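Student: Could you choose one part of this model and take me through it closely, step by step? I would like to see how the pieces around it fit together, and I would be glad of a slow explanation.

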Amino acid sequence: MLALRVVDSITKISAAAWDALVDDIGSSPFVRHAFLGALERSRCASPRNDWQPSHLALFRGSELVAAAPAYVKGDSDGDFSRDWEWVAAAQRAGLRLHPKLVVTVPFTPVAGARLLVRGDQDRAEAVEALARGARSVAADLRLGSVEVLYARASDVSELEAHGFLPRADFQYHWRNEGYREPEDFLARFPSKKRNALRRERAAPERQGISIRTVRGDELARDPDGWADVCFELHDASTSRMAWGMRWVNRAFYRDVLRGMPERIEVVEARREGRVVAMAFNLATPARLYGRYWGAREEHPFLHFNVALYHSIDECIRRGVAAFEGGAGGEHKLARGFMPAFTYGAHWFADRRLHAGMQRVLAEEWRQRESALRRFEEASPIFKRS
């Protein structure tokens, strides 16, 4: 018999049991116990920040066989759900969409598995139990909706069979088309754009800035030191922005660098021996994920070189298939990143709202497909000199 438990802290589940559900290649490193635990232990994802851990854990006897990282939220800050218009429309109609149960990784708009099922289990049975459990939690807590965010397309298809509504959006991802060296990639651009990119890429050398990637063993030798560098640079950048959102703190950086250094890459930029900028990324052998950026000095094109160009070149050198540079940023399109669909699944407690949102999301899906085609047609990477 399967039994569902709602767990109010990832730390109440053993790391070995949780990670046995995670395919590190297909699931993304963000659903690993170490990453979720770092967010909770640092209190970044905590009730005081409107993230109440409510993980769906499915047991067969005493064994954890499936799970979904889930949180109760009263608003949408930090979940990148982009549901503000829905909330406003529901309120005007006298309906309630929040609070909600979100199945996602806090502050992390990165696609990956959301329905984690151990490989030796009946996946269809487990998915049905998780979907039913999410709706049951929403009913018990009088929540307005369940949102499964940045899920794999296969997860969304499975949830659609259980009454959830699919949603599509897109980000910009760089794809390795078998390039042997960076010049092979640049050769795909028209000559004017190619020369402009070369000038941007050459800027750090003129500025006396050296850039490299720090990985695994080097990070593990001094995790707290690297955590302090990352946090202080990240903090310096967000503090300069009127809209800057500092989702994670120093304690998070220290915890995650201690817990999973083998999956972290820090791109550092040094000038006169001092680290002046960084990009904090996570990686699997097949994929690189850009997360946080920070700098204490401003130089032309420094952000593009640290956050984008250097890692593109490293992906080519190491044979990495794709680089996901994070949410937003149409500027990525001009630099060789291509639109890629992201997916979600939604269930609304009010039947009238659910029926109305079914029409809204179907139309939105058609609009996203049209926009994706336009972006692909406009991309300079499809043109030849």
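Tutor: Before we begin, one word on names: helices, of at least four residues, and strands, of at least two, are DSSP runs that are numbered from the N terminus. With that naming, we can say that R43 lies in the loop between α2 and β2. Please keep in mind throughout that this is a predicted model.

R43 leads us towards the part I have chosen, because β2 (52-53) is an edge strand of the sheet we will study, with a single partner strand. On the way, notice that phi of R43 is near 70°, a positive value in a residue other than glycine. Most residues other than glycine have a negative phi. R43 counts as partly exposed, since its relative accessibility is 44%.

Now to the sheet itself, which is open, has 11 strands with mixed pairing, and follows the order β2-β5-β6-β8-β15-β9-β14-β13-β12-β11-β10. At its edges stand β2 and β10 (209-215), each with a single partner strand, so one side of each is left without a neighbour in the sheet. In general, the strands of a sheet pair through backbone hydrogen bonds, and they may do so in a parallel or an antiparallel sense.

Let us look closely at the stretch of this sheet around β12. Strand β11 pairs with β12 in the antiparallel sense over eight bridges, and within this pairing E268 stands opposite M278 in β12. These two strands form a hairpin with two residues between them, and E272, in the turn, has a positive phi of about 55°. On to β13: seven bridges join β12 to β13, and these strands also run antiparallel, with N281 standing opposite G290 in β13. Here too there is a hairpin, in which three residues lead from β12 to β13. As for how enclosed β12 is, nine of its 10 residues are buried, so the strand is largely enclosed by the rest of the structure.

If we take one more step along the sheet, the sense of the pairing changes, for strand β13 (residues 287-295) and strand β14 (residues 322-324) pair in the parallel sense, over three bridges. In this pairing Y289 stands opposite E324 in β14. Between β13 and α11 there is a loop, and F301 is found in it. Phi of F301 is near 65°, again a positive value in a residue other than glycine, and F301 counts as partly exposed because its relative accessibility is 35%.

Next, consider what lies across these strands. Helix α10 (residues 250-259) lies across β11 (264-271), β12 (274-283) and β13, running at about 60° to β12. The buried residues of α10 are F252, Y253, D255, V256 and L257, and what covers them includes the strands β11, β12 and β13 as well as the helices α2 (33-41), α8 (216-221) and α9 (223-240). The N-terminal end of α10 is capped by N249, which has a side-chain oxygen 3.2 Å from the backbone nitrogen of A251.

Helix α11 also lies across part of the sheet, namely across β9 (165-175), β10, β11, β12, β13 and β14, and it runs at about 55° to β10. This helix (residues 302-318) packs in turn with helix α7 (residues 191-206), at an angle of about 105° and with the axes 10 Å apart. The two helices are therefore roughly perpendicular to each other, since angles of 65 to 115 degrees fall in that class. Where they meet, L197, E200, R201 and P204 come from α7, while F304, N305, Y309, I312 and D313 come from α11. The residues of this contact divide into five nonpolar, one polar and three charged.

Finally, let us visit another strand of this sheet, β15 (residues 338-348), where T342 is found. T342 has a relative accessible area of 4% and is therefore buried, the cut-off for that word being under 20%. Leaving aside residues up to four places away in sequence, T342 touches Y150, R167, A168, D169, F170 and Q171.

Methods:
Residues numbered from 1 in each chain as written. Predicted model: local features only at pLDDT ≥ 70, side-chain atom pairs only at ≥ 80, totals over all residues. Heavy atoms only, no water. Axes fitted to C-alpha atoms, helices over the stretch in contact; angles between N-to-C directions. Parallel < 35°, antiparallel > 145°, perpendicular 65-115°, else oblique. Contact = heavy atoms within 4.5 Å. Nonpolar A, V, L, I, M, F, W, Y, C, P; charged D, E, K, R; others polar. Pairing = 2+ DSSP bridges. Buried < 20%, exposed > 50% of the residue type's maximum accessible area, 1.4 Å probe, protein only. Polar contact = N/O pair within 3.5 Å; in protein donor to acceptor, adjacent residues only side chain to side chain.
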